[in-house]
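Grab a viewer and work through these exercises at your own pace. Each task comes with a solution that goes step by step.

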Amino acid sequence: MSLKNPGAVAAIVAALRHVHGDEVARIMLVEGMSLADLIDAMFSAPLPHREAVRAITDGLDDFVISPDLGLMWHLKYIYGDQPGSFHVTDMEIATPNGTLASKDIWLRLSA
């Protein structure tokens, strides 16, 4: 398998393994997980927050995303409560047909 962003995928795999253990991480990568579950694992791993966000963003190109988003979609960041906060707390995907919450987006590592 040829990855577009191997460093980002390696960070995701490491975070999933750290939070859930090897077997569950493998299942999540092969069978799939919600974007919300990925975000939770990445923010729970011993990884600077900024690097976790970057790994998620860069790694999306190597995952099959369901539902099919089509060609035009945009990752939207949800920031913390404080005015001017750059602390990402969640992500959504905006499409021409509406916005999907992270819990409604399913990811599976490309085979």
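## Exercise 1: the two sides of a helix

On its face turned away from the buried side, helix 4 carries the exposed residues Arg50 and Arg54. Before going on, some ground rules: this is a predicted model, where local features need pLDDT of at least 70 and side-chain atom pairs count only at pLDDT 80 or more, while totals for chains, interfaces and linings use all residues. Residues are numbered from 1 along each chain as its sequence is written, and side-chain values use heavy atoms, with hydrogens and water left out.

**Task.** Work out which residues of helix 4 are buried, and what covers them.

**Solution.**
- Step 1: get the terms straight. Helices (H or I, at least four residues) and strands (E, at least two) are DSSP runs, numbered from the N terminus. Buried means under 20% relative accessible area, exposed over 50%, and partly exposed in between (1.4 Å probe, protein chains only).
- Step 2: pick out the buried residues of helix 4, which are Ala52, Val53, Ala55, Ile56 and Gly59.
- Step 3: look down the axis of helix 4. The buried residues fall within an arc of 160° (taken from the directions from the helix axis to the C-beta atoms), so they line one face of the helix.
- Step 4: see what lies over them. The cover includes helix 1, helix 3, strand 2, strand 3 and strand 4, with contact meaning heavy atoms within 4.5 Å.
- Step 5: check Asp58, also in helix 4. Asp58 is partly exposed, with a relative accessible area of 34%. Beyond its neighbours within four places in sequence, Asp58 is in contact with Asn5 and Ala8.

## Exercise 2: a three-stranded sheet

**Task.** Find the strand order of the open sheet and say which strands form its edges.

**Solution.**
- Step 1: two strands pair if DSSP finds at least two bridges between them. The open sheet has three strands in the order 3-4-5, with antiparallel pairing.
- Step 2: strand 3 (74-79) and strand 5 (98-101) are the edge strands, since each pairs on one side only.
- Step 3: on average, neighbouring strands here are turned by 35° against each other, direction ignored. For angles, axes are lines fitted to C-alpha atoms, for helices over the stretch in contact, and angles run from 0 to 180 degrees between N-to-C directions.
- Step 4: bring in helix 4 (residues 49-59), which packs on the sheet and touches strand 3 and strand 4. The direction of helix 4 makes about 20° with that of strand 4.
- Step 5: zoom in on strand 4 (residues 88-95), which pairs with strand 5 over four bridges. There, Glu92 stands opposite Ala101 in strand 5.

## Exercise 3: a salt bridge across the sheet

**Task.** Which side chain meets that of Glu92 in a salt bridge?

**Solution.**
- Step 1: use the cut-off, a side-chain nitrogen of Lys or Arg within 4 Å of a carboxyl oxygen of Asp or Glu.
- Step 2: the partner is Lys76, at 3.9 Å, N to O.
- Step 3: Lys76 lies in strand 3 and Glu92 in strand 4, so the pair ties together parts that are 16 residues apart in sequence.
- Step 4: both are partly exposed, Lys76 at 33% relative accessibility and Glu92 at 22%.
- Step 5: the structure holds four salt bridges, including the one between Asp22 and Arg17 (2.5 Å, N to O).

## Exercise 4: strand 6 and the core

**Task.** Which residues of strand 6 point to the buried face, and which strands pair with strand 6?

**Solution.**
- Step 1: in a regular strand the side chains alternate between the two faces of the sheet.
- Step 2: in strand 6 (106-109), Leu107 and Leu109 point to one face and are buried, while Trp106 and Arg108 point to the other and are not.
- Step 3: strand 1 (residues 33-34) pairs antiparallel with strand 6 over two bridges, and Met33 has Leu107 as its bridge partner.
- Step 4: strand 2 does likewise over four bridges, antiparallel to strand 6, with Ser66 bridged to Trp106. The peptide bond from Ser66 to Pro67 is cis, with omega near 0°.
- Step 5: Leu107 is also among the residues with the most contacts inside the largest nonpolar core, which has 29 residues. Such a core is a set of buried Ala, Val, Leu, Ile, Met, Phe, Trp, Tyr and Cys residues joined through side-chain atoms within 4.5 Å. Helix 3 gives the largest share, five residues.
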